[in-house]
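Trainee: Can you walk me through this one? I have the structure open and would like to know what to look at.

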Amino acid sequence: MKLEGKAFIVTGGAGGIGGAVAKQIIAKGGIVVSFDRYPKDKGEEIVKPYHAERSLYVQVDIADLASVEKGAQEALSIIPKGSLFGAVHCAAIAPGSTWSNKLVDAVKRYEDVMRVNAYGTFVVNAVIADAINSQYPDEGPFGPRVKEERGVIINTASAVAWPVPARCLTYGASKTAVLGISQGMADFLGPYGIRVNSISPAVVASGLMTPNRIPYFDKELKAGCIFPHRVTTLQEIGEAILFLMENSMMNDFELRVDGGWRGSSNWGAPEDPRQNALSLE
């Protein structure tokens, strides 16, 4: 798939990973409509420097179906007719709390995380796939399988989606759900010529990774990564996403960008991994 002249919705486009991939899509000649929660003036202030004409912004809450539907309709109205070819779904949350031996303490956080990361992923995929299909004649639920490529959706999962470490009790499980959603969507949307893949980064230098967390993860990566044992850059994640978009044979695939890191609790270390963890996510 050539990105030039095609439009893509990027959720979290005003953030770290979303912003990086938006810039790379634009550099390939594509058009990007960034979805984020910032008010319109603030969002445009962030994304307009990506490109004066091919970087657009719509305020959207991905965990709200009506908001995503409204955003998709607005996106269709501001891009060239028939040009929507997919999405890169980056928006997510990873709230943390102090470690507790009471699992009930994690239930509310689990509800919040699943609402945004899992439910939000299903909503974004469903609405944007429908928006892509709306550009073509509706041949009903059992129409013939198309031969041309009509789009691609990339969902952001995580290296902690499997195995899920205790430290990522709720966040990791939400990203496991993202992998399941991606797999089901790929199979469902195949007849419509829409590919669906997922990207699973390890630790990325993005907005979710606040400065006080870097030393902890540097230590973890040096101990657990095969090579390289460092934080992944935004440029590297963006390049991996573009590979999944541009290579038309990439479908129903999870691409791990993690340096071979496996983040299970290390019970052989000198320190108790529960005490060593920054927070319980």
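Mentor: We will go from the whole chain to the sheet, and then to single residues.

Mentor: Keep in mind that this is a predicted model.

Trainee: Fine. How many helices and strands does the chain have?

Mentor: There are eight helices and seven strands. The radius of gyration is 19 Å, close to the 19 Å that the globule rule gives for 281 residues, so the chain is as compact as a globular protein of that length.

Trainee: What box do the C-alpha atoms fill?

Mentor: Roughly 60 × 40 × 35 Å, taken along the principal axes.

Trainee: And what share of the residues is buried?

Mentor: Buried residues make up 50% of the 281 in the chain. The accessible surface is about 13,500 Å², and 57% of that surface belongs to carbon and sulfur atoms.

Trainee: How much of the contact count comes from residues 24 or more positions apart?

Mentor: Taking contacts with a separation of 6 or more, 75% are between residues 24 or more positions apart.

Trainee: On to the sheet. In which order do the strands sit?

Mentor: The order is 3-2-1-4-5-6-7, in an open sheet of seven strands with parallel pairing. Strand 3 (55-59) and strand 7 (254-257) are at the edges, and each has a single partner strand, so one side of each is left without a neighbour in the sheet. Neighbouring strands are turned by 20° against each other on average, direction ignored.

Trainee: How many bridges join strand 1 to strand 2?

Mentor: Five bridges, between residues 7-11 of strand 1 and residues 31-36 of strand 2, and the two run parallel. As an example, Thr11 has Phe35 in strand 2 as its bridge partner.

Trainee: What about strand 1 and strand 4?

Mentor: Those two pair in the parallel sense as well, over four bridges. Ala7 has Leu84 in strand 4 as its bridge partner. Strand 4 also pairs with strand 5 (residues 151-156), again parallel and over four bridges. There, Gly86 is bridged to Val152 in strand 5.

Trainee: Is strand 4 mostly covered or mostly open?

Mentor: Mostly covered, as six of its six residues are buried.

Trainee: Which helices lie across that part of the sheet?

Mentor: Helix 1 (residues 16-27) lies across strand 1, strand 2, strand 3 and strand 4, and runs at about 170° to strand 1. Helix 3 (residues 65-78) lies across strand 1, strand 2, strand 3 and strand 4 too, and runs at about 155° to strand 2.

Trainee: New topic. How many disulfides does the structure hold?

Mentor: Zero.

Trainee: Why is there no bond between Cys90 and Cys168?

Mentor: Because they are too far apart: the closest cysteine sulfur to that of Cys90 is in Cys168, and the distance is 18 Å. A disulfide needs the two sulfur atoms within 2.5 Å.

Trainee: So which cysteine is closest to Cys168?

Mentor: Going by sulfur atoms, Cys225, but at 14 Å that is also too far for a bond.

Trainee: Are Cys90 and Cys168 buried or exposed?

Mentor: Cys90 counts as buried at 14% relative accessibility, and Cys168 counts as buried at 2%. The cut-off for buried is under 20%.

Trainee: I clicked on Lys175. Is that residue buried or exposed?

Mentor: Lys175 is buried, with a relative accessible area of 3%. Lys175 belongs to helix 5 (residues 171-189).

Trainee: What does Lys175 touch?

Mentor: Leaving out residues up to four places away in sequence, Lys175 touches Ala92, Asn117, Thr156, Ala157, Ser158 and Ala161.

Trainee: Last topic, the backbone. Which peptide bonds are cis?

Mentor: One of them is the bond from Trp162 to Pro163, with omega near -10°. Pro163 sits in the loop between strand 5 and helix 5. The bond from Phe227 to Pro228 is cis too, with omega near -10°. Pro228 is found in the loop between helix 6 (214-224) and helix 7 (234-246).

Trainee: And what is the phi of Asp252?

Mentor: Positive, at about 55°, although Asp252 is not a glycine. Asp252 lies in the loop between helix 7 and strand 7.

Trainee: How accessible is Asp252?

Mentor: Asp252 counts as partly exposed, at 43% relative accessibility.

Terms used:
Residues numbered from 1 in each chain as written. Predicted model: local features only at pLDDT ≥ 70, side-chain atom pairs only at ≥ 80, totals over all residues. Heavy atoms only, no water. Buried < 20%, exposed > 50% of the residue type's maximum accessible area, 1.4 Å probe, protein only. Contact = heavy atoms within 4.5 Å. Pairing = 2+ DSSP bridges. Axes fitted to C-alpha atoms, helices over the stretch in contact; angles between N-to-C directions. Rg over C-alpha atoms; globule rule 2.2 N^0.38 Å. Areas by Shrake-Rupley, 256 points an atom, 1.4 Å probe, with all protein chains shown as cover.
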